[in-house]
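Trainee: Could you take me slowly through one part of this model, beginning with a single side chain and its surroundings? I would like to see how one place leads on to the next.

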Amino acid sequence: MLDFNHGACKSKASRLNQAVNTLIDASLQQHHQQQPERSYLGASRLGVACSRALQYEYTHTPRDQLYSGKTLRTFELGHALEELTRKWLQQAGFVIETHDAGGQAYGFSVAGGRIQGHVDGIIRKVPEKLDFQVPAIWECKTMNAKSWKQLVEKGVKVAKPVYAVQIALYQAYLEEFIPGVLQNPALLTAVNKDTSELHHELVLFDAALAQAASDKAVQILRATEVGETLPRITQDPESFDCRFCDWQQTCWQESV
């Protein structure tokens, strides 16, 4: 029998889908706007190439557009997958700590709290079959298949330099509190969100990378203190770094 109501049902389902997603996204955006903004430069961001973009972020300059619901869902999915991946490793015999004996999340704070970072975990023990020195920093990143394949093929320093900087800073600054994390390679776990594949990479400490990132952070802080806007990374507003920047319009509306 022909279903003469199929089109109407499909249209109704489409309206329901749109209505529910609109409510979810609006709720996510409202919740995000209510969260306090960072008052510091984060280690997870200091690998961003453009210092002016980081300065905008540090000074809470409004982004050109609010994060979309889809983007916020992607952020939250990444956090959920990180927790799940940690559980998988722990079930496999890894001992990973996220907080110290006092209940504080592992991390560092320097320059009067204006430069900070918090690690995903500290590996304290690994299965006996693994040739792996501890303690070691553990970082978990989630990404789509294209980015994941690039990371597997090229390694973190080439494919994801922002992550490499983040890890180098953690190794440098946490050594004082957790001796050994500088000498011992960090473990980066990358989750392919499209296929659920996992990739694990040992990351040796890169002193030059950590120093350059620290110097960049100090430059941003000093420039901000005296009211100086740092130069753009490029003179081409259509360059890759600019096209995907949250402050592209704001930046190029300025005279210099």
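Mentor: In this predicted model, Glu 82 is in contact with Asp 120, Trp 138 and Cys 140, once its neighbours within four places in sequence are left aside. Glu 82 itself is found in helix 3, which covers residues 69–91, and with a relative accessible area of 14% it falls under the 20% limit, so Glu 82 counts as buried. One of its partners, Cys 140, is also buried, because its relative accessibility is 6%.

Since a cysteine has come up, the question of disulfides follows. A disulfide is a covalent bond between the sulfur atoms of two cysteines, and a search of the whole structure finds zero of them. Cys 251, for example, is in no disulfide, for the nearest cysteine sulfur, that of Cys 242, is 6.1 Å away, whereas a disulfide would need the two sulfur atoms within 2.5 Å. Cys 251 is buried as well, with a relative accessible area of 9%.

Now look at strand 6, residues 136–143, and at the loop that lies between strand 5, residues 121–125, and strand 6. Pro 135 is found in that loop, and a cis peptide bond joins Val 134 and Pro 135, with an omega of about 5°. As background, most peptide bonds are trans, and most residues other than glycine have a negative phi.

The second half of that background helps with the next stop, which is the pairing around strand 4, residues 115–118. Strand 1, residues 41–42, runs parallel to strand 4 and is joined to it by two bridges, and here Gly 42 stands opposite Gln 116. Strand 3, residues 107–110, runs antiparallel to strand 4, with four bridges between them, and in this pairing Gly 107 stands opposite His 118. Strand 3 and strand 4 form a hairpin with four residues between them. Ala 111 lies in the loop between these strands, and its phi is near 55°, a positive value in a residue other than glycine. With a relative accessible area of 32%, Ala 111 lies between the 20% and 50% limits and is therefore called partly exposed.

Ser 196 can be set beside Ala 111, since Ser 196 also has a positive phi, of about 70°, although it is not a glycine. Ser 196 is found in the loop between strand 7, residues 186–192, and strand 8, residues 198–203. Its relative accessible area is 55%, which is over 50%, and so Ser 196 counts as exposed.

Let us finish with a pair of helices. The axes of helix 6, residues 161–174, and helix 7, residues 207–225, come within 8 Å and cross at roughly 95°. Because that angle falls in the range from 65 to 115 degrees, helix 6 and helix 7 are described as roughly perpendicular to each other. On the side of helix 6, the residues that meet helix 7 are Ala 164, Val 165, Ala 168, Leu 169, Ala 172 and Tyr 173, while helix 7 brings Leu 209, Ala 210, Ala 213 and Ser 214 to the contact. Sorted by class, this contact of helix 6 with helix 7 has nine nonpolar residues, one polar residue and no charged residues.

Terms used: Residues numbered from 1 in each chain as written. Predicted model: local features only at pLDDT ≥ 70, side-chain atom pairs only at ≥ 80, totals over all residues. Heavy atoms only, no water. Buried < 20%, exposed > 50% of the residue type's maximum accessible area, 1.4 Å probe, protein only. Pairing = 2+ DSSP bridges. Contact = heavy atoms within 4.5 Å. Axes fitted to C-alpha atoms, helices over the stretch in contact; angles between N-to-C directions. Parallel < 35°, antiparallel > 145°, perpendicular 65-115°, else oblique. Nonpolar A, V, L, I, M, F, W, Y, C, P; charged D, E, K, R; others polar.
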